[in-house]
Amino acid sequence: MPFYEFRCPTCEERFEVQRSMSERDEPTSCPQGHDGAVRVITAVGVTGGIRYGTPAAAARRGTLGGTPQSDTSKPAEPEGQA
Ligand SMILES: [Zn+2]
């Protein structure tokens with residue numbers, strides 16, 4: 001079964017729950033015991049549809065606000081810095 005990320009509105013804790021897809025939107029309890037934790041929609045693991053990576057990654061690479069380079073498909077690989 002896949003994991004789904006949930007967030008508790010009471011203590012702000014984020015945690016993962018393994019459950020079936022048919023139950024993915026069901027509320028659950030957080031590790032602290034609060035009810036009402038809701039599923040968080042995340043883009044973790046999705047790389048095909050993101051062009052420029054995260055803003056933080058872009059800032060690190062110095063491309064934020066500049067012209068996107070052609071190697072955006074490899075955000076983890078630093079550019080040729082000597
Ligand atoms: Zn909680």
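Let me start in strand E3, where valine 38 is the bridge partner of arginine 7. Strands and helices here are DSSP runs, with at least two residues of E for a strand and at least four of H or I for a helix, numbered from the N terminus.

Before going on, a word on what we are looking at. This is a predicted model, in which local features need pLDDT of at least 70, side-chain atom pairs count only at pLDDT 80 or more, and totals for chains, interfaces and linings use all residues. Residues are numbered from 1 along each chain as its sequence is written.

Now, the overall picture. The chain has one helix and three strands, and from the N terminus the order is β-β-β-α. Of its 82 residues, 6% count as buried, where buried takes 20 or more other C-beta atoms within 10 Å of the residue's own, exposed takes 12 or fewer, and partly exposed is in between, with C-beta atoms placed from the backbone.

Back to the sheet. The three strands make an open sheet in the order E2-E1-E3, with antiparallel pairing. E2 and E3 (38–39) are at the edges with a single partner strand each, so one side of each has no neighbour in the sheet. Two strands pair, by the way, if DSSP finds at least two bridges between them. E1 and E3 are joined in the antiparallel sense by two bridges, while E1 (residues 3–7) and E2 (residues 14–18) pair over five. In that E1 and E2 pairing, phenylalanine 6 has phenylalanine 15 in E2 as its bridge partner. For anyone who wants the background, strands of a sheet pair through backbone hydrogen bonds, either parallel or antiparallel.

Let's move to the turn. E1 and E2 form a hairpin, with six residues between them. Glutamate 12 lies in that loop, and has a positive phi of about 65° although it is not a glycine. Is glutamate 12 buried or exposed? It counts as exposed, because it has 8 C-beta neighbours inside 10 Å.

Glutamate 13 is also placed in the loop between E1 and E2. With 14 other C-beta atoms within 10 Å, glutamate 13 is partly exposed. Which residues does glutamate 13 contact, leaving aside its neighbours within four places in sequence? They are Cys8, Cys30, Pro31 and Gln32, a contact being two C-beta atoms, placed from the backbone, within 7 Å. Take cysteine 30: it is 17 residues from glutamate 13 in sequence, yet their C-alpha atoms are 7.3 Å apart in space.

One last number for the chain: among contacts with a separation of 6 or more, 25% are between residues 24 or more positions apart.
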